[in-house]
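Biologist: Please take me through one part of this model at close range, and then show me how the rest of the chain is held around it. I would like the reasoning as well as the values.

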Amino acid sequence: MLIEQPPHLYRMLFPNAVWRIENPVRKTVYLTFDDGPIPEVTPWVLDLLDRYGVQATFFCVGDNVRKHPEVYRQVIEKGHRTGNHTFHHLQGWKHSLGKFLDNAGQARELIDSSLFRPPHGHLGMNQCRKLQDAGYRIIMWDVVTRDYSRFMSPEQVLQNVKRYTRNGSILVFHDSLKAEKNLRYALPRAIEWLLKEGYTFELVPL
């Protein structure tokens, strides 16, 4: 559970980041995707979302946007929202403040969004403050499906959604080659289950 649903203590390190958006009126979930866009996976995700009438927020790697601008345009044209996931998928803990901010800024030149998600959720507190000073809204998550893990079966990924999702959960899937096998099994079944349970899908607010 320490991975699938971040503990309260870790959330307290970044109190101004968004971890969950509870709706007092109706059961709401925020579907998000990290690490794309790529032509092998992202268009399939977009077609699936179209089929169910669901919108999502895509945290994009700037270099992938550079390499696949037509796929990025599809995300925008279909009414989904995008966010910044750095240009080179940098983990904040492993890089200096200046390098990390520069990399986020490089991605910002291609991704017109105030939303920012640090890769792996790894972020220093000073990095977080400086990003917020630069106008970013830091979006973490309430449930990570672990679709990227080679140690997780597709059925286990789906079970993570069923076990940990609650009102206001920000869910993380990945439109990446690493996650593709688990994603193709778990994503449609997760959407169907969430709809059956009465959840409404919303975009992460700007």
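Modeller: The expected span of a helix is 1.5 Å times one less than its number of residues. The model is a predicted one, and that rule can be applied to helix α5, residues 97–108. With 12 residues, α5 reaches 16 Å from its first C-alpha to its last, close to the 16 Å expected. Four of its residues are buried, namely F100, N103, A104 and A107. Seen down the axis of α5, these buried residues fall within an arc of 95°, so they line one face of the helix. The cover over them includes two helices, α3 (62–67) and α6 (125–133), and two strands, β3 (81–84) and β4 (115–116).

Helix α8 can be checked in the same way. For its 17 residues, 180–196, the rule gives a span of 24 Å, and because the end C-alpha atoms are 24 Å apart, the two agree. There is nevertheless a kink of about 30° at A186, shortly before the proline P188. Both A186 and P188 are among the buried residues of α8, as are N182, L183, L187, A190, I191, W193 and L194. The buried residues of α8 pack against two helices, α2 (42–52) and α7 (154–164), and against three strands, β1 (28–34), β7 (169–174) and β8 (200–201). Just after α8, G198 takes a positive phi of about 90°.

Next come the charged contacts. The whole structure holds 10 salt bridges. One of them joins the side chains of D142 and R11, with N to O at 2.9 Å. D142 sits in the loop between β5 (137–138) and β6 (143–144), while R11 belongs to helix α1 (residues 8–13), so this pair ties together parts that are 131 residues apart in sequence. D142 has a relative accessible area of 0% and is therefore buried. R11, at 12%, is buried as well.

Another salt bridge is formed by the side chains of E202 and R26, at 2.7 Å from N to O. Because E202 lies in the segment after β8 and R26 in the loop between α1 and β1, the pair links parts 176 residues apart in sequence. E202 counts as partly exposed, at 24% relative accessibility. R26 is also partly exposed, with a relative accessible area of 39%.

R117 and D34 make a further salt bridge, their closest N and O atoms being 2.7 Å apart. R117 is in the loop between β4 and α6 and D34 is in strand β1, so the pair ties together parts that are 83 residues apart in sequence. R117 and D34 are both buried. Salt bridges with shared partners also join R11, D142 and R166 into one network.

Aromatic contacts complete the picture. Six aromatic pairs are found in the whole structure. In one of them, the rings of Y10 and W19 have their centres 5.8 Å apart and their planes at 80°; planes over 60 degrees apart count as edge-to-face, so this pair is edge-to-face. W19 counts as buried because its relative accessibility is 7%, and buried means under 20%. Together with F14, Y10 and W19 form one aromatic cluster.

Note on methods
Residues numbered from 1 in each chain as written. Predicted model: local features only at pLDDT ≥ 70, side-chain atom pairs only at ≥ 80, totals over all residues. Heavy atoms only, no water. Buried < 20%, exposed > 50% of the residue type's maximum accessible area, 1.4 Å probe, protein only. Arc of directions from axis to C-beta. Contact = heavy atoms within 4.5 Å. Bend = angle between axes of the 7 residues up to and from the residue. Salt bridge = Lys/Arg side-chain N within 4 Å of Asp/Glu carboxyl O. Phe/Tyr/Trp six-rings, centres within 6.5 Å; stacked < 30°, edge-to-face > 60°.
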